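Trainee: I'd love your help with a new model before I go to the bench. Could we look closely at one part of it together?

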Amino acid sequence: MENQSFRRTALHRLYEAPAYDTSTWPDSHWRKGAEAPRCAPLVGEARTDFAIVGAGVTGLNAALELVEASGAEVAVLDAAQPGWAASGRNGGFVSLGGSKLSDAALVRRFGREGAEAFRAFQKDAIARVARNLDSYSIAADRGPEGEVYLAHREREWQAMRESAEGLRAMHGPGARLLPREELKQAGFGPAGFAGGFYTPLGFPVHPLKYTAGLARAALDRGIRIFGDSPVTALEPEADGWRLSTPKGSLRARRVLIATNGYTSDDLPPWIGGRTLPALSSIHVTRPLTEAERRAQGWTSQVMAADTRHLLHYFRLLPDNRFLFGMRGGLSVSPGPLARIRAEGRRHLEAMFPEWAHVETESFWSGLVCLTGSLTPFAGEVPGSPGLFAAFGWHGSGMATGTLAGRMVARAMTGASNPAPLVLRSPPKRFPLPNLRRAWLGAAYAWYKTADGPVRAQR
């Protein structure tokens with residue numbers, strides 16, 4: 001199939017314009033303590049070997065891999081600045097993940113070998129972030145190792161107990177069940193949880209410091225990063241591709257689209273209907289005193305998440321502020337966003353009642369990215385030689401996007417794509433893609449019923 005020209009006449013995105021307004025940064029806790037390099041826009045004509053759209057975790061890792069492995073010329077275009085989107089505003093969980101399929105579903109779809117390769121990829125992705133922190137001397141407030149998954153009801157705790165042997169085999173030495181009393185002893189309660197499972201895999205970071213560090217490393221290695229340069233057209237040429245921006249154009253032999261939840265449905269059209277951006281919102285409190293932490297029984301800085309479909313994720317930050325995030329919401333308009341904020345605050349106070357008086361200092365939202373197959377993708381766009389894409393991290397982009405960017409970069413050089421089969425398989429389109437937000441709303445309604453109410457715990 002021949003390459004087609006991809007020229008935007010309008011942005012085809014699911015949410016309202018404020019979700020994509022690059023003129024301002026989110027009022028996040030991260031932004032108050034870090035700043036990414038300010039990169040000038042592309043002006044005039046330029047040429048490079050490889051062009052990357054998106055200066056986040058995935059795009060910057062791909063750029064670094066291309067330069068370090070081949071010495072090629074690389075340029076990165078971003079509609080805003082490095083770290084403006086999900087890479088600089090997420091919860092900072094470097095963790096397992098990348099797919100919303102169960103382990104059994106992964107085996108059915110990709111075979112046991114394919115599922116095991118994806119599990120190995122997830123562990124390698126965490127290790128790659130740690131290696132980046134060391135290799136590029138990035139001070140990103142790395143926290144303690146591990147993560148705890150907390151059963152929000154007795155039935156989820158029973159399921160953990162029944163699958164304990166498989167969980168320990170998958171997560172390795174140190175993985176263990178935590179009955180309710182052990183949760184309290186480990187500093188994870190009381191918060192109404194029936195029990196939990198601790199994995200030694202993963203660690204938290206300051207996401208904007210990590211992304212900013214990657215951007216500085218890229219600039220130090222001669223990679224050009226152009227900020228405030230949204231791509232308005234992508235057109236094939238005899239020797240590659242031409243990317244147009246409001247003030248200039250860039251010619252490249254090969255191109256990577258690495259914009260995840262902020263991807264436009266029409267650049268390229270193949271991606272249309274395959275992604276489903278979903279809102280995730282975060283509260284960060286003022287610093288908690290030692291007495292307040294002990295009163296609640298939550299004293300560990302290990303990252304944690306509950307077992308709800310509409311999960312909550314939370315952790316104590318190094319300065320003892322408390323980060324509390326949750327999925328949900330279908331609009332970023334002022335009214336709906338205010339309701340999301342209020343709902344998140346109600347959940348925080350219900351789950352951590354001893355902190356009901358503790359103020360929220362920062363609140364913000366951003367987009368994670370699901371796909372029609374509930375699996376990530378990192379490979380060449382079918383039917384468009386020289387055009388690659390990497391997206392669909394399902395809320396786990398810090399680790400998944402880091403290693404996926406490295407792997408897709410190797411494929412861009414002409415080498416065999418080293419990504420596991422799960423990532424090499426193009427995701428399906430959602431049925432009736434124009435109704436994706438409606439489907440999401442129906443799913444949220446079902447999830448809330450299945451999860452049960454968030455009740456006050458004392």
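Trainee: How many disulfides does a search of the whole structure find? After that, please take me to the loop that holds His394, between S19 and H10, and show me what lies around it.

Mentor: Happy to! This is a predicted model, so local features need pLDDT of at least 70 and side-chain atom pairs count only at pLDDT 80 or more, while totals for chains, interfaces and linings use all residues. Residues are numbered from 1 along each chain as its sequence is written, and side-chain values use heavy atoms, with hydrogens and water left out.

The search turns up zero disulfides (pairs of cysteine sulfur atoms within 2.5 Å). Two cysteines are worth a glance anyway: Cys39 is buried at 5% relative accessibility, and Cys369 is buried at 0%. Buried means under 20% relative accessible area, exposed over 50%, and partly exposed in between, with a 1.4 Å probe and protein chains only.

Cys369 leads us to your loop, for it is one of the residues that His394 touches. His394 sits between S19 and H10; helices (H or I, at least four residues) and strands (E, at least two) are DSSP runs, numbered from the N terminus. With a relative accessibility of 4%, His394 is buried. Its side chain comes to 2.8 Å from the backbone oxygen of Gly392, a polar contact (N or O atoms within 3.5 Å; within protein, one able to donate a hydrogen and the other to accept it, with residues adjacent in sequence counted only if both atoms are side-chain atoms). Not counting residues up to four places away in sequence, His394 also touches Gly98, Ser99 and Lys100, among others. Further along the chain, its partners include Arg327, Leu370, Thr371, Leu374, Thr375 and Pro376. Contact here means heavy atoms within 4.5 Å.

Another loop, between strand S4 (93-94) and H3, holds Ser95. Ser95 is buried too, at 7% relative accessible area. Beyond its neighbours within four places in sequence, Ser95 is in contact with Ile126, Glu147, Met303, Ser396 and Ala399.

Now step from your loop into H10, where Ala411 has its place. Ala411 is buried, with a relative accessible area of 9%. Setting aside neighbours within four places in sequence, it is in contact with Arg254, Phe388 and Asn417.

The elements on either side of your loop, strand S19 (387-391) and helix H10 (397-412), are among those giving two or more residues to the largest nonpolar core. Such a core is a set of buried Ala, Val, Leu, Ile, Met, Phe, Trp, Tyr and Cys residues joined through side-chain atoms within 4.5 Å. This one has 59 residues, of which Tyr210, Ile223, Ile225 and Leu256 touch the most other members. H3 gives the largest share, eleven residues. A second, separate core of 23 residues includes Trp241, Leu243, Ile271 and Val381.

For a view away from the loop, try helix H5 (residues 164-171), whose buried residues are Ala164, Leu167 and His171. These three lie on the same side of H5, because they cover an arc of only 65 degrees around the axis, taken from the directions from the helix axis to the C-beta atoms. Glu165 and Ala169 are exposed on the other side. The C-alpha atom of Ala169 is separated by 32 Å from that of Ala411, 242 residues apart along the chain.
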